[in-house]
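Hello,

Here is the structure I promised to pass on. Please open it next to this email, and my notes follow below.

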Amino acid sequence: MSTENTPAEGLSEGPSESPFHDESPRDEAPQFVLPLVVHIEKAEPPSRTDALETAARAVLTILSDERSLGEGDDEGEWARVMRDWQDARIRKVVRRARGAEWRKASALPGIAVTGKSAEVRVFPPVPLDGWPKELAKLQVSGTDLDDPTEPGAPDPLAPVLWLNPELDMSAGKAMAQAGHAAQLAWWELSSSERDAWREADFALSVRTAGAGAWRALTVSGLPVVRDAGFTEIAPGSCTVVADHPSLRGRLRLG
């Protein structure tokens with residue numbers, strides 16, 4: 001349920017330029033990881049799709065939080081570590097917690113984001129070998145999430161993160177990949193487009209694309225997440241395409 005064992009867990013916008021993929025100066029920088037903890041109680045686990053969507057929204061929430069922004073005298077308390085994290089490999093780790101573990105994790109500085117059934121807490125980045133003890137002890141794998149009913153059609157006016165239909169990813173892996181895709185879309189948006197998304201509470205859907213649609217999406221010019229291949233799937237695999245209406249509109253105009 002983790003990308004922790006993925007030293008080059010990658011984000012890429014295209015097949016030829018992948019600063020998170022092969023050896024690069026980013027490998028020489030201090031390495032950080034963005035922790036995400038999903039609340040999973042045995043009796044009432046969240047649905048898989050809602051967990052993926054909530055994780056993606058959590059990533060966007062911390063990216064846009066005032067504590068993550070600014071420089072110099074206007075620097076937020078998380079701004080420096082957020083920059084350090086983004087200057088190196090973009091790593092995200094999803095862990096699960098329940099009961100007392102969740103309560104202890106919730107006491108740490110971070111942001112809780114809720115969905116319809118899921119709750120995900122995102123924390124400012126930490127060094128690879130410097131996890132807080134409350135998070136370091138949490139389980140990384142062992143929980144499967146399902147959708148009790150088939151997710152409906154996504155809102156065509158809202159962003160959609162399209163999953164590769166040919167890949168079988170664990171819930172944690174897919175949550176991290178959805179977070180990557182949301183981050184790629186965020187980087188591509190203008191300030192006004194970011195503000196509009198934030199005001200909409202980062203509305204988005206995560207869905208699995210049809211086989212034919214997936215092939216078209218990967219060559220459409222929309223941001224594509226490519227995995228480094230250290231866990232679960234082959235290196236270079238396209239995992240998610242970030243289909244944001246604003247980016248889609250630019251492609252049509254171009």
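Phenylalanine 202 is buried, with a relative accessible area of 3%. Keep in mind that this is a predicted model. Phenylalanine 202 sits in the loop between H6 and E7. Its phi is positive, about 50°, although the residue is not a glycine.

Aspartate 201 is in that loop too, between H6 and strand E7 (205-208). Its phi is near 60°, again a positive value in a residue other than glycine. Is aspartate 201 buried or partly exposed? With a relative accessible area of 48%, aspartate 201 is partly exposed, because it falls between the 20% and 50% limits. Phenylalanine 202, at 3%, is buried.

Next, look at helix H1, which covers residues 48-64. Two of its residues touch phenylalanine 202.

Arginine 57 is found in H1. It is buried, with a relative accessible area of 13%. Setting aside neighbours within four places in sequence, arginine 57 is in contact with Val113, Thr114, Gly115, Asp201, Phe202 and Leu204. How far apart are arginine 57 and aspartate 201 in sequence and in space? They are 144 residues apart in sequence, and 8.1 Å apart in space from C-alpha to C-alpha.

Threonine 61 also lies in H1. Its relative accessibility is 19%, so it counts as buried, the cut-off being under 20%. With neighbours within four places left aside, threonine 61 is in contact with Ile111, Val113 and Phe202. Val113 is thus on the list for threonine 61, and on the list for arginine 57.

Now the interior. In soluble globular proteins, nonpolar side chains tend to be buried together. Here the largest nonpolar core has 58 residues. Leu36, Leu161, Met175 and Trp197 have the most contacts inside it. Which helix gives this core its largest share? Helix H5 (residues 171-188) does, with 10 residues. Apart from that core lies another, of 12 residues, among them Val33, Val93, Phe123 and Leu135.

Methionine 175 is worth selecting in the viewer. Beyond its neighbours within four places in sequence, methionine 175 is in contact with Val38, Ala51, Leu52, Ala55, Val94 and Val120.

H5 has a helix partner to look at as well. Two packed helices are described by the angle between their axes and the distance between the axes. H5 and helix H6 (residues 191-199) pack at about 135°, with their axes 8 Å apart. That angle makes H5 oblique to H6. On the H5 side, the residues that meet H6 are Ala182, Ala185, Trp186 and Trp187. On the H6 side they are Arg194, Trp197 and Arg198. By class, this contact has five nonpolar, no polar and two charged residues. Trp197 appears here, and is also among the residues with the most contacts inside the largest core.

Last, the overall figures.

- The protein chain has eight helices and nine strands.
- Of its 254 residues, 52% count as buried.
- Among contacts with a separation of 6 or more, 78% join residues 24 or more positions apart.
- The accessible surface of the chain comes to about 11800 Å², and 48% of it belongs to carbon and sulfur atoms.

A good place to begin is the loop that holds aspartate 201 and phenylalanine 202. Then turn to H1 for arginine 57 and threonine 61.

Best wishes

Key
Residues are numbered from 1 along each chain as its sequence is written. This is a predicted model: local features need pLDDT of at least 70, side-chain atom pairs count only at pLDDT 80 or more; totals for chains, interfaces and linings use all residues. Side-chain values use heavy atoms; hydrogens and water are left out. Helices (H or I, at least four residues) and strands (E, at least two) are DSSP runs, numbered from the N terminus. Buried means under 20% relative accessible area, exposed over 50%, partly exposed in between (1.4 Å probe, protein chains only). Contact means heavy atoms within 4.5 Å. A nonpolar core is a set of buried Ala, Val, Leu, Ile, Met, Phe, Trp, Tyr and Cys residues joined through side-chain atoms within 4.5 Å. Accessible areas come from the Shrake-Rupley method with a 1.4 Å probe; for residues, only the protein chains shown count as cover. Axes are lines fitted to C-alpha atoms, for helices over the stretch in contact, and angles run from 0 to 180 degrees between N-to-C directions. Angles under 35 degrees count as roughly parallel, over 145 as roughly antiparallel, 65 to 115 as roughly perpendicular and the rest as oblique. Ala, Val, Leu, Ile, Met, Phe, Trp, Tyr, Cys and Pro count as nonpolar, Asp, Glu, Lys and Arg as charged, and the others, Gly among them, as polar.
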